[in-house]
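Dear colleague,

Here is the structure I promised to pass on, together with notes on what turned up in it. Please keep in mind while reading that this is a predicted model.

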Amino acid sequence: MQDVSFLVVDDCQLVRNLVRNTLENRLGAENVYTATNGKEALELLNARHIDIIIADWQMPLMDGDELLRTVRKSEKHKFTPFIMMSSLGDKEHVLAAIQNGVSQYVMKPFSADKLEDAIQKSWNSANRRGAVRLSSLPEHRVRIQTSNRKLAGVVKNISHTGMLIELTYSRELNLFTNYSIELDIFDLNHEGNMLIEPLYGVPVRLSALESNTSATKVCQMGIRFNREMLHETVKGKLDYLLKNLGQDSGDLIQDN
């Protein structure tokens, strides 16, 4: 990763030095910038080309969580891999980071191997954003099987790696839980309807949407397909769907 530029953000000089040494000695990085808090980090992000951000959560002036939220709202850096370092390992903090768009969450103290693994996963995921995801779809419907019932939603966009769906929020929905999913395709190329099931997928992102009624909470959920569990017939149907949607849809967005 010689040509990859890193920004390391931590108010502790020892941590900054340890991370820098890992990047330079293990990954061969030649462009490593450092900052002591989120505000300094934003100045560097505006002035430099940064490929990967590695930031602590607890810092003065602007902490890592506020930095993450600011970065994800930025057109320039909204897809930049962001690795959060933290000693806060409770479920509430981890889920907050995930919902705000963190790429990897690394618990302190961590080994050089653990940090390197998080960097490689973040970088590989960022490189896969070139995979086309199709939006402006017909209103294909999806049903997620929880332990108690099936929750219905609509597909907003889809790719070989996963899909974004919109549905009414339920406490039965949990991040990083493997679900069985049914996908109803309506009148594809006037050939009639098609059912793709069982798909298996893991929710990796959950965000609330404004609803027309205060009693109903609508959310969007990003689901990553567990392709290793998919039957070859299901994979074939999914490939057929994406091929046909690619021919008919001109509205493309990047896979995230």
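I began with helix H3, which spans residues 64–72, and its buried residues are Gly 64, Asp 65, Leu 67, Leu 68, Val 71 and Arg 72. These residues cover an arc of only 160° around the axis, and they therefore sit on the same side of H3. As for what that buried set packs against, the partners are three strands and two helices, namely strand S1 (5–9), strand S3 (52–56) and strand S4 (82–86), along with helix H2 (38–47) and helix H4 (91–99). At the start of H3 there is also a contact worth a look on your screen, where a side-chain oxygen of Asp 63 comes to within 3.3 Å of the backbone nitrogen of Asp 65.

Helix H4 appears again in the second largest pocket, where H4 contributes the most to the lining, with three residues. The volume of this pocket is about 200 Å³, and the residues that line the pocket are Lys 91, Leu 95, Gln 99, Tyr 169, Arg 171, Leu 173, Asn 174, Leu 175, Phe 176 and Leu 206.

Finally, a word on the cysteines, since you may be handling the protein at the bench. A search of the whole structure for disulfides finds zero. Cys 12 is partly exposed, its relative accessible area being 31%, whereas Cys 219 is buried, with a relative accessible area of 3%.

With best wishes

Notes. Residues numbered from 1 in each chain as written. Predicted model: local features only at pLDDT ≥ 70, side-chain atom pairs only at ≥ 80, totals over all residues. Heavy atoms only, no water. Buried < 20%, exposed > 50% of the residue type's maximum accessible area, 1.4 Å probe, protein only. Helix = DSSP H or I, 4+ residues; strand = E, 2+ residues; numbered from the N terminus. Arc of directions from axis to C-beta. Contact = heavy atoms within 4.5 Å. Polar contact = N/O pair within 3.5 Å; in protein donor to acceptor, adjacent residues only side chain to side chain. Disulfide = S-S within 2.5 Å. 1 Å grid on protein atoms, 1.4 Å probe; cavity = no way out; pocket = protein on both sides within 12 Å on 5 of 7 lines; lining within 4 Å. Points joined across faces, edges and corners; volume = space filled by probe spheres on them.
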